[in-house]
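Dear colleague,

I am passing on the structure you will be working with, and below it I have set out what was found in it. Please read the notes with the model open beside them.

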Amino acid sequence: MPAGKVVLSVGDWRRSAMAALKTNLRSGENGMGETTAEHWMRLALQQAERARAVGEVPVGAVIVADDRLLADGYNRTITDTDPTAHAEIVAIRQAARRIGNYRLTDCDLYVTLEPCIMCLGACVQARIRRLFFGTPDPRWGCLGSRLDLRAPELFNHTIEFSGGILADECRALLQDFFQQRRHS
Ligand SMILES: [Zn+2]
């Protein structure tokens with residue numbers, strides 16, 4: 001298996017997080033002893049917090065190119081009255097506009113929740129290089145939870161996937177949100 005490539009089996013998220021730590025994507029830690037993947041996922045979590053602040057389901061995403069933040073986005077389906085305004089789509093649109101190219105060939109996407117089929121489709125269309133997600137989504141996740149679209153030859157573009165990055169924090173944010181909504 002080439003370095004950095006993490007292929008997961010269903011339900012193996014915890015181990016995948018460890019694998020991500022080990023293969024560690026251009027290695028290097030930030031001052032907090034976190035891996036590069038965790039560093040970017042933390043920024044995605046900040047985006048998710050912004051979604052929560054405006055009453056949206058808290059999911060956030062960032063797109064990274066050349067070790068730099070290229071774009072970010074959070075779920076804004078209610079705000080925009082747009083069922084396609086998931087965090088990944090918002091970030092992909094911003095990234096493409098910023099680089100003036102509809103292909104995001106050397107870009108990596110970090111999202112706090114396992115992507116749905118729409119967002120995975122958008123990532124394939126955009127030619128995203130690597131996709132990292134936080135917590136699995138049993139309802140919509142298509143990288144092993146609800147569906148499994150990770151087969152390498154399925155599309156004419158293959159994305160490297162890694163799940164379970166800061167999974168506990170990503171999940172806690174969602175759980176708190178839905179719990180509060182139930183009690184209000
Ligand atoms: Zn989606």
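Which residue follows α3, and what is the sign of its phi? The residue after α3 is Gly100, and its phi is positive, near 65 degrees. Please keep in mind throughout that this is a predicted model.

To begin with the whole chain, its secondary structure comes to five helices and five strands, and these follow one another along the sequence in the pattern α-α-β-β-α-β-α-β-β-α. Of the 184 residues of the chain, 43% count as buried, and among the contacts between residues at least 6 apart in sequence, 54% join residues that are at least 24 apart.

The five strands form an open sheet with mixed pairing, in the order β2-β1-β3-β4-β5. Because β2 and β5 (160-162) stand at the edges, each with a single partner strand, one side of each is left without a neighbour in the sheet. On average, neighbouring strands of this sheet are turned by 15 degrees against each other, if direction is ignored. Helix α2 packs on the sheet, where it touches β1, β2, β3, β4 and β5, and the direction of α2 makes about 140 degrees with that of β1. Within the sheet, β3 and β4 (residues 130-135) pair in the parallel sense over five bridges, and Asp108 stands opposite Arg130 in β4.

Helix α3 covers residues 87-99, and because a helix is expected to rise 1.5 Å a residue, its 13 residues should span 18 Å, which agrees with the 19 Å between its end C-alpha atoms. The buried residues of α3 are Ala87, Glu88, Ile89, Val90, Ala91, Ile92 and Ala95, and they pack against α2 (36-53), β1 (60-65), β2 (68-74), β3 (107-113) and α4 (117-126).

The packing of α3 with α4 can be described further. Two packed helices are described by the angle between their axes and by the distance between those axes. For α3 and α4 the angle is about 20 degrees and the axes are 9 Å apart; since angles under 35 degrees count as roughly parallel, α3 and α4 are therefore roughly parallel to each other. Their crossing is left-handed, and the contact is made by Glu88, Ile89, Ile92 and Ala96 of α3 together with Cys119, Ala122, Cys123 and Ala126 of α4.

With best wishes

Key. Residues are numbered from 1 along each chain as its sequence is written. This is a predicted model: local features need pLDDT of at least 70, side-chain atom pairs count only at pLDDT 80 or more; totals for chains, interfaces and linings use all residues. Helices (H or I, at least four residues) and strands (E, at least two) are DSSP runs, numbered from the N terminus. The expected span of a helix is 1.5 Å times one less than its number of residues. A residue is buried if 20 or more other C-beta atoms lie within 10 Å of its own, exposed if 12 or fewer, and partly exposed in between; C-beta atoms are placed from the backbone. Two residues are in contact if their C-beta atoms, placed from the backbone, lie within 7 Å. Two strands pair if DSSP finds at least two bridges between them. Axes are lines fitted to C-alpha atoms, for helices over the stretch in contact, and angles run from 0 to 180 degrees between N-to-C directions. Angles under 35 degrees count as roughly parallel, over 145 as roughly antiparallel, 65 to 115 as roughly perpendicular and the rest as oblique. A crossing is left-handed if the near helix is turned anticlockwise from the far one by less than a right angle, and right-handed if clockwise.
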